[in-house]
Amino acid sequence: MNRTWLLPSHLVEAARGGGPDRTEGRRPRRTVRDWVVDTVLFLLAAFVGLIAAETSATYNSEAVALVDQIVGGLACCALWLRRRWPAGLAVALSLVSVVAPTAGGAVLAALFGVAVRRPFRQVAWIGLLAMAASTVQVFVRPDPTTNVVLSLALGVVLVLLVTAWGMLVRSRRRLVEALRDRALRAEAEAELRAEQAQRLAREAIAREMHDVLAHRLTLLSVHAGALEFRPDAPPEQVARAAGVIRDSAHEALQDLREIIGVLRSPGEGAEDRPQPTLATLDSLVDEVREAGMKVVLDTTVTDPDAVPAATGRTVYRIAQEALTNARKHAPGAEVTVTLRGRPGEGLTVDVRNPAPAGPVPPVPGSGQGLIGLTERATLAGGRMEHGPDPDGGFSLHAWLPWPA
């Protein structure tokens, strides 16, 4: 249910669009609550003015009483301008009240508006002006029915009460605005955190898809290229290449299906995602050997299952990306994968391939996988270095922690 009519106009405008447009001179439109407050203040000021007018008619001439009534009525009507010119109206009515006691109620209402809408320094000097005006009025237009001391005290007390009430309302409004701004900032920060979490999740999914699919698609590309440039190859080689393409395509689709399944039903467990470990490194090497690549695996890790799962998965991805790059940039070269380490000292991975036998056309988009692997190794608490060798080959060296 919309209850904005219960709020002051400036709070409603701020909640809708950041407040009024001061550049065009527009002011917030009065809400139902504002109309009620303005009407009540007008009636109270008119009531006080009527009491003062009755006293003036009793102890003054008809001309003076008539002037007092007219001035009091105009002062009460001027209160409808207090939202536009609160300070100026309060000063003007204070000066008028010196000679027209019927404007006393309007002065208090205008002073209340100043206390609600203006800072303390401005409220203070206008309040002092109102006190001085009430003091002078006691001597210029004395009330025969009231003692002078009582009149002075009553004027000061009323000014202080109205000012304190207005400042209390102002402080409460400031508190509401601060709480609203804090809620808006909290909501914006929550949206920012959600966007950041989505971005990190997308990056993680992109790295996983690259690691899983790049190896398979490279096999497809290499063997499809061989069939294209060797149409006269023996039937045995053609059948072997076609079998590798079929198997690689099937495994790539299977990996992609598993990743998409995780995206469709997140939170069902880490076992739903393809999670290679160090124990599956031999299967990776056998797979690339069956595809026709020369790979030498030299490892001293006798129990791959003893390696932490996160570390083993990182080693697997590093070896997979290195073999994929070697197949793309040094086809036909023998690749050496060296694995060393033990608990407490860490795990070292070295992958090296010599220079290719002939010119190799550039591969677009190269280097992104190595950037992702470097970040993956850093996040795992290790480090990775890679670069060309002096003899034209390429080397990759990574160290990962293996707690004792």
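This passage describes a five-stranded sheet, the helices around it, a pair of packed helices and several salt bridges in a predicted model.

The sheet is a good place to start. Five strands form an open sheet in the order S1-S2-S3-S5-S4, and their pairing is mixed. Two strands stand at the edges, S1 (295-299) and S4 (383-388); each has a single partner strand, so one side of each is left without a neighbour in the sheet. On average, and with direction ignored, neighbouring strands of the sheet are turned by 10 degrees against each other. In general, strands of a sheet pair through backbone hydrogen bonds, in either a parallel or an antiparallel manner. Both senses can be followed here, one at each edge of the sheet.

At the S1 edge, the partner is strand S2 (residues 335-342), and the two pair in the parallel sense over five bridges. Within this pairing, Asp298 stands opposite Thr338 in S2. Two helices pack on the sheet in this region. Helix H9 (residues 281-290) touches S1 and S2, and its direction makes about 165 degrees with that of S1. Helix H10 (residues 309-329) touches S1, S2, strand S3 (346-353), S4 and strand S5 (394-400). The direction of H10 makes about 175 degrees with that of S5.

At the other edge, S4 and S5 run antiparallel and are joined by six bridges. Glu385 has His397 in S5 as its bridge partner. The two strands form a hairpin with five residues between them, and Gly392 in the turn has a positive phi of about 100 degrees.

Salt bridges add a further layer to this picture. Six of them are found in a search of the whole structure. One is formed by the side chains of Asp298 and Arg340, with an N to O distance of 2.7 Å. Asp298 lies in strand S1 and Arg340 in strand S2, so this pair ties together parts that are 42 residues apart in sequence. Asp298, already met opposite Thr338, counts as partly exposed at 32% relative accessibility. Its salt-bridge partner Arg340 also counts as partly exposed, at 31%.

A second salt bridge brings together the side chains of Arg342 and Glu345, with 2.7 Å from N to O. Glu345 has a relative accessibility of 48% and so counts as partly exposed.

The S4-S5 hairpin contributes as well. The side chains of Asp389 and Arg352 meet in a salt bridge of 2.9 Å, N to O. This pair links distant parts of the chain, with Asp389 in the loop between S4 and S5 and Arg352 in strand S3, 37 residues apart. What is the relative accessible area of Asp389, and is the residue buried or exposed? The value is 17%, and Asp389 is therefore buried, the cut-off being under 20%. Arg352, by contrast, is partly exposed, with a relative accessible area of 33%. Together with Asp391, these two residues are linked in a network of salt bridges.

Elsewhere in the chain, two helices pack on each other. Helix H2 (residues 32-59) and helix H5 (residues 104-117) meet at an angle of about 150 degrees, and their axes are 7 Å apart. Angles over 145 degrees count as roughly antiparallel, and H2 and H5 are therefore roughly antiparallel to each other. From H2, the contact involves Leu41, Ala45 and Val48; these meet Gly105, Ala106, Ala109 and Phe112 in H5. By class, the residues of this contact divide into six nonpolar, one polar and no charged.

Gly104 also has its place in helix H5. At 23% relative accessibility, Gly104 counts as partly exposed. Its C-alpha atom is separated by 9.6 Å from that of Ala46, although the two residues are 58 residues apart along the chain.

A last residue of interest is Val148, found in helix H7 (residues 148-229). Val148 is partly exposed, with a relative accessible area of 41%. Which residues is Val148 in contact with, leaving aside its neighbours within four places in sequence? They are Val138 and Phe139. Thr135 is 13 residues from Val148 in sequence and 9.6 Å from it in space, C-alpha to C-alpha.

Key: Residues numbered from 1 in each chain as written. Predicted model: local features only at pLDDT ≥ 70, side-chain atom pairs only at ≥ 80, totals over all residues. Heavy atoms only, no water. Pairing = 2+ DSSP bridges. Helix = DSSP H or I, 4+ residues; strand = E, 2+ residues; numbered from the N terminus. Axes fitted to C-alpha atoms, helices over the stretch in contact; angles between N-to-C directions. Contact = heavy atoms within 4.5 Å. Parallel < 35°, antiparallel > 145°, perpendicular 65-115°, else oblique. Nonpolar A, V, L, I, M, F, W, Y, C, P; charged D, E, K, R; others polar. Salt bridge = Lys/Arg side-chain N within 4 Å of Asp/Glu carboxyl O. Buried < 20%, exposed > 50% of the residue type's maximum accessible area, 1.4 Å probe, protein only.
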